[in-house]
Amino acid sequence: MTYNLDELKKRSVVAGTSHNLNSNLNPSPKHEKVAAASKKITEITRTHPTAYVVFASLLLDLLAFTMILPLLPSLLEYYRKNDNQLYGYLASSIKQFQVWIGAPERFTSVLFGGALGSMFSFLQFLSSPIVGALSDIYGRKPLMLLCATGIAASYGLWAYSESFLLFVIARFVGGISKGNVSLCMAVITDVSNQQNRGKAMALVGIAFSLGFIAGPMIGAMFSRFSDKTGQLWFFAPAMFAMTLAVADILFLVLCLKETLPKEKRSTKIINSLSHALDHISIRALFRFSAVENLPQKDVRSLRSLGLTYFLYLFLYSGLEFTVTFLMYHKFGYTSIDQAKMFLTTGILMALLQGSVVRRLPDRLVKNSAVFGLYLIIPAFVTVGLAESSPVLYLGMSLFAISTAFVVTCMTTITSQYGDFHQKGTVLGVFRSLGALARAVGPIVASVAFWSIGSRATYIAGGLLLLWPALKLQYLKL
């Protein structure tokens, strides 16, 4: 083959130009591959912006929700002194049994508080799976807005709760609307992958921690400057909580984008709703019957995780709920004193969630959950034995460290199961098991606190927490 001189010159110029361009723009094919791989890894591990929207929404919700914690003992005392209808009727109904077991009359508020806490969580237990299933059909955002609206309405009712009956109704509305937490988990699962899901789930834990830092402090400040002898002294904190809830609604409308596209939604409406109703069946709930077409190995793992989570939260929630009454009745803590305790534990949880839990690699998630489960045992035993504030602070600090790990890590493990359109149902069942545990735990712990005292209740509860710790440690996922 032969070429003339002009053609050779043209080819030489083109080749030289191409070589210079490649030298300047792409110094080395090796460097190009490294840069592309690095960019891909960054994209995979980066937390999706929607996770931060969920974080902000959940924080607004939790600030309003936790405001009532330091106010609850004073609220129940207010109704004990001023409500001769429902509260008076219930108090007189248990009077004979109270005298028989020798329970102090001032502990009656602990019993009623436990009943309210259990009612709230039982309603959350009913609503979470139904809301989760409906979100798999109609999308996450509409159901998030519906829940947020119900929560705002509950605070409006609380603001005008002159009677104990109206306060109970307000808590009823709030409980039935509290499916938003499971929806937040589902949204995060929608926009995350196995590499960054742990970081995104940790944002939920951080929101809880910050909520438990600021919310009780806000409630305590309202309590400090309120005249508790007057009617509706709780009007201002209740209206502030409603303002936060309305702000959450507006924020969701403006900032939350739908994370479950129509093509990925469940198309069998009747089946999805029937599965949601299966969650009300205790047996079906523990068997994860609503989640179909999973390998048997995954089903067995989910069942074991669900039972472990239930046992943990049943014991944990009862002891956690009664601690405000322990501080109020045993240590004489005011609302401000209680808020300082919540501030301490909240800061500890937030620091751990932000610096440690959020960065846990997948291989350490289970071990971290086991660590948290074992740590809660000495935490509650210490609280039960405490006779002074420093010892109580020690026990509550251990409690905070444990709490920072357990729920977030167990939720991260559970979120790995199921196909894309099943995530909402899987997490809905998981959250329902937690809500069922929280529905039973407070009333059982409150009855124990009321009848046998705080020390025996906390020590026994702490020792029983060894059961879920051992169960998770030896569970093969």
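I'm sorting residues into classes: Ala, Val, Leu, Ile, Met, Phe, Trp, Tyr, Cys and Pro count as nonpolar, Asp, Glu, Lys and Arg as charged, and the others, Gly among them, as polar.

**Ground rules.** I'm working on a predicted model, where local features need pLDDT of at least 70 and side-chain atom pairs count only at pLDDT 80 or more, while totals for chains, interfaces and linings use all residues. Residues are numbered from 1 along each chain as its sequence is written, and side-chain values use heavy atoms, with hydrogens and water left out.

**Helix 9.** Helices here are DSSP runs (H or I, at least four residues), numbered from the N terminus. I checked the length of helix 9, residues 164-176. The expected span is 1.5 Å times one less than the number of residues. That makes 18 Å for its 13 residues, and the end C-alpha atoms are 19 Å apart, so the two agree.

Which residues of helix 9 are buried (under 20% relative accessible area, 1.4 Å probe, protein chains only)? I found Phe164, Phe167, Val168, Ala170, Arg171, Val173, Gly174 and Gly175. They pack against helix 3 (49-66), helix 4 (72-82), helix 5 (86-93), helix 7 (108-138) and helix 8 (140-159), with contact meaning heavy atoms within 4.5 Å.

**Cavities.** On a 1 Å grid over the protein atoms alone, a cavity is a set of points where a 1.4 Å probe fits but cannot get out, and lining residues have an atom within 4 Å of a point. Points are joined across faces, edges and corners, and a volume is the space filled by probe spheres set on them. I searched the whole structure and got four cavities of 30 Å³ or more.

The largest has a volume of about 1000 Å³. Its lining has 46 residues, and Phe65, Phe208, Phe212, Glu320 and Arg438 lie nearest the centre. Helix 15 gives the most to this lining, with nine residues. By class I noted 27 nonpolar, 14 polar and five charged residues.

The second largest cavity is about 90 Å³. Among its lining residues are Phe65, Phe167, Ala170, Arg171 and Gly174. Helix 8 and helix 9 are the elements giving two or more residues to this lining. Its classes are eight nonpolar, two polar and two charged.

**Cysteines.** How many disulfides (cysteine sulfur atoms within 2.5 Å) are there? The search of the whole structure gave zero. The sulfur of Cys184 is 9.2 Å from the closest cysteine sulfur, in Cys147, so that is too far for a bond. Cys184 counts as buried because its relative accessibility is 1%. Cys255, at 35%, counts as partly exposed, a label for values between 20% and 50%.

How values were computed. On a 1 Å grid over the protein atoms alone, a cavity is a set of points where a 1.4 Å probe fits but cannot get out, and a pocket is an open set with protein on both sides within 12 Å along at least five of seven lines; lining residues have an atom within 4 Å of a point. A disulfide is a pair of cysteine sulfur atoms within 2.5 Å.
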